Amino acid sequence: MNASPEKHPVCIGAATAVTALGPSLDTLWPALLEGRSAIGPIATRFSTESLSFHEAACIPDLDSLSPPKQSRTVELLNRCLEGLPALPSQTFVIWTGVKGDAEYVETLSGSDATPREAFTHPWLPEHYRRPVCERLGLQTEDGLELNAACASSTIGLALGAQMIALGERDTVLVCAADLASRFTFTGFSVLKALSPTRCRPFDAYRDGLSLGDGAAAVLLGREEALRSHGLPVLGRLTGWGIANDANHITGPARDGCGLIAAIQRALDEAQLSPDALGAFCAHGTGTPYNDAMELTALESVFGERRFPLFSIKGAIGHTLGAGGAIEVGVCLKALAERCVPPTTGLEHPEPRAEGRACGKTQDFPNGAILTTNSGFGGINAALILERA
Amino acid sequence: MKLTLTGGAWITAGGRGLLSDGSKPLLAPGEPLLPRGKDLFDPPLARYGRFDRYTRLGCAAVALALRDAGLAETGRKRPIGIVSASRTECLETDLAYYRTTLENGGAFASPNLFCYTQPGIVLGECAVHFGLTGPTLCVGQPLTGSGLGASALDTACRLLEAGQAETMLAGWIEAPPVAPDDWPQSERLVFPTGAIFVVLRPETDSAEPAQQALFRENGTLWKTTGDRRVPIQSLLDLF
């Protein structure tokens with residue numbers, strides 16, 4: 001048998017996010033506490049006249065850019081990277097944006113059914129990851145692009161944590177940027193997954209998700225590596241788990257089996273019992289099936305115990321591949337401030353969410369925090385964060 | 001960490017083969033000839049014939065690799081995961097889907113095509129059919145400086161080492177958009193089309209059949225040939 005290698009603790013040295021509620025976590029956090037939502041009519045980015053849905057959480061000034069010469073995704077990513085401190089030059093970069101080529105495809109397609117650039121110069125995920133390295137002055141071009149749908153940055157953080165725990169890397173940066181583009185908006189619209197009103201996670205009357213613009217970057221590292229570069233330890237990433245529910249390519253397993261397995265793997269990795277968790281930042285998309293599945297998984301792992309549950313997607317929309325990393329940034333704030341934000345949009349909690357999720361700030365004095373994401377293809381991922 | 005390679009399969013324009021038959025993947029230009037669905041999936045994978053090229057290639061190669069490893073059963077869930085590398089992923093489907101949004105303001109866009117604009121859907125199809133509950137994710141295949149599928153192999157090994165699955169498939173799928181016939185050769189993508197998957201698990205004390213013993217040390221995967229250690233830099237090095 002293989003001997004278990006000694007594992008290094010994984011620390012978080014920096015986290016930044018750009019959302020429709022502001023250009024940083026420091027602007028996002030108070031807005032969440034106030035229960036604000038950035039979801040509103042799509043003004044100028046594209047026409048929704050022929051669709052049944054018309055709202056998203058867009059960052060307005062991105063709409064003045066004209067792709068392809070001015071990529072909104074690149075601009076969003078650059079704004080996010082501006083919020084990072086100087087990083088160790090050997091930092092390994094994992095790019096987890098999921099639909100970076102949407103803008104490219106939209107621009108190419110126009111009225112041309114066979115755009116030549118798609119065949120001669122296709123836009124690839126590494127076209128985001130490599131500029132991140134260049135912009136941050138990282139010496140290494142060694143990195144990875146990862147796509148696991150809406151669980152991408154969550155899984156990117158899990159893989160980055162594994163690299164550090166196994167002693168393969170000293171520091172890993174996980175970053176992503178995704179837009180509420182015409183490509184994705186139209187797709188979720190015809191899937192009838194969008195809310196015709198507003199995203200209301202865990203509400204008895206929830207009726208779908210809202211899309212949002214978002215970018216995030218999270219730096220993981222060994223404590224000594226972070227301290228030696230003058231970086232703080234904002235929190236610890238102690239558990240991670242990934243599992244497929246093997247149920248359906250776009251619908252979650254009603255019994256929550258994949259999410260349950262991911263949470264249990266994360267608890268095992270963190271060597272924690274379910275009782276050690278004090279809060280849960282859910283995927284909470286606001287679709288009837290997703291939220292029901294999450295509540296089923298929560299009850300399966302944690303029983304009837306009630307502790308704070310929240311989702312931020314009613315505030316900033318579903319930011320696809322960036323969502324997990326943004327939520328990790330919010331969890332760090334929750335750990336530091338010892339409270340969790342309201343679930344914006346939630347007015348009438350469904351019965352199983354009663355005493356867990358609410359429209360008010362909840363105290364979170366002790367324990368670790370769990371954050372999870374699930375995505376197309378049946379994938380589920382869970383992370384556990386603890387205080388520094 | 002000691003690992004065992006228990007199976008593998010490849011499909012390219014140069015033909016197809018299994019790890020167990022000793023064949024070497026041939027990265028020839030052109031379009032691969034895919035096996036029929038009824039020769040791959042029992043029970044049938046209903047939509048196989050209607051899948052886009054990327055999804056069909058991936059499902060076929062995963063099915064053959066699982067069969068080669070003696071793991072092609074269905075009907076129960078197992079902690080097996082898949083990591084797949086690609087350059088162009090599902091770009092062809094992205095273009096096809098987006099074309100459906102251009103008329104009537106997007107009101108009649110194809111929901112079916114939209115679902116397949118996520119590159120991991122092919123892995124989800126395999127997970128559902130074969131009951132695979134391990135991690136499923138796609139990673140990039142760099143344009144230069146990295147062997148075919150090396151990023152997938154590295155990621156799959158790391159997931160095994162971290163105990164996130166009992167068995168992992170690592171592979172590569174490439175189905176770049178097909179240029180119109182009348183386009184000059186200089187305007188066609190030179191990436192080969194095809195799919196290759198191998199099946200890996202940690203070495204155990206049990207006497208299960210192994211096709212090759214491997215070990216991973218300091219982030220590098222190695223095989224032993226005679227008394228020499230040979231680094232694995234590509235999926236091709238495993239056949």
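This is a short talk about the pockets and cavities of a predicted model, and about some of the strands and helices around them.

Okay, let's start with empty space. Rolling a probe the size of a water molecule over the atoms shows where such space is left. We'll take the open pockets, then a few elements of chain A, then the enclosed cavities.

So, the largest pocket. There's about 700 Å³ of space in there. It has 31 lining residues, and the ones closest to the centre are A:D142, B:S146, B:A150, B:S151 and B:D154. Which elements supply at least two residues each to that lining? From chain A you get α5, residues 126-135, and β5, residues 143-147. From chain B you get α5, residues 150-161, and β8, residues 220-225. Please watch the chain letters here, as there's an α5 in each chain on that list. The largest share is six residues, and α5(B) is the one that gives it. As for chemistry, the lining of this largest pocket has twelve polar, ten charged and nine nonpolar residues.

On to the second largest pocket, which holds about 550 Å³ of space. Its lining counts 28 residues, with A:T250, A:G251, A:P252, A:T287 and A:F376 nearest the centre. By class, that lining splits into 14 polar, twelve nonpolar and two charged residues. Why does this pocket lie between two domains? Because domain 1 (11-228) and domain 2 (238-386) of chain A both contribute residues to the lining.

Three elements of chain A give this second pocket at least two residues apiece: α10 (288-302), β13 (368-375) and β14 (379-386). The most comes from α10(A), with four residues.

Let me stop at one of the central residues, A:G251. You'll find A:G251 in the loop that runs between β8 and α9 (257-270) of chain A. Is A:G251 buried or exposed? In between, actually: its relative accessibility is 22%, so A:G251 counts as partly exposed, given that buried means under 20%. And if you look across from there, the C-alpha of A:G251 is 8.0 Å from that of A:N290, although the two are 39 residues apart along the chain.

Now the strands. β14(A), which helps line that second pocket, is mostly covered, with seven of its eight residues buried. What does β14(A) pair with? One partner is β8 of chain A, residues 235-244, which runs antiparallel to β14(A) with eight bridges joining them. If you want a spot to look at, A:W240 has A:L383 in β14(A) as its bridge partner. The other pairing I want to show is with β13(A), again antiparallel, over seven bridges. There, A:I369 stands opposite A:L385 of β14(A). In a regular strand, by the way, the side chains alternate between the two faces of the sheet.

β13(A) and β14(A) form a hairpin with three residues between the strands, and in that hairpin A:G377 takes a positive phi near 90°.

One helix deserves a minute too: α12 of chain A, residues 323-337. Its 15 residues, at 1.5 Å each, should span 21 Å, and the end C-alpha atoms are indeed 21 Å apart, which agrees. How many of those 15 residues are buried? The number is 13, so α12(A) is largely enclosed by the rest of the structure. Right after α12(A) comes A:R338, with a positive phi near 60°.

Last topic, the cavities. The count is four with 30 Å³ or more. The largest cavity has a volume of about 180 Å³. Of its 19 lining residues, A:V98, A:G100, A:D101, A:P125 and B:E89 are closest to the centre. β5 of chain A and α2 (91-100) of chain B each supply at least two of the lining residues, and β5(A) gives the most, with three. By class we have nine nonpolar, six charged and four polar residues around this cavity.

The second largest cavity comes in at about 100 Å³. Among the residues lining it are A:V98, A:C150, A:F376, B:F114 and B:Q118. α7 (182-190) of chain A and α3 (111-115) of chain B each bring at least two residues. What about charged residues in this lining? There are none: the classes are eight nonpolar and three polar.

And remember A:F376: we met it close to the centre of the second largest pocket, and it turns up again in the lining of this second cavity.

Conventions: Residues numbered from 1 in each chain as written. Chains lettered and ligands numbered in written order. Predicted model: local features only at pLDDT ≥ 70, side-chain atom pairs only at ≥ 80, totals over all residues. Heavy atoms only, no water. 1 Å grid on protein atoms, 1.4 Å probe; cavity = no way out; pocket = protein on both sides within 12 Å on 5 of 7 lines; lining within 4 Å. Points joined across faces, edges and corners; volume = space filled by probe spheres on them. Nonpolar A, V, L, I, M, F, W, Y, C, P; charged D, E, K, R; others polar. Domains from an automatic or database assignment. Buried < 20%, exposed > 50% of the residue type's maximum accessible area, 1.4 Å probe, protein only. Pairing = 2+ DSSP bridges. Expected span 1.5 Å × (residues − 1).
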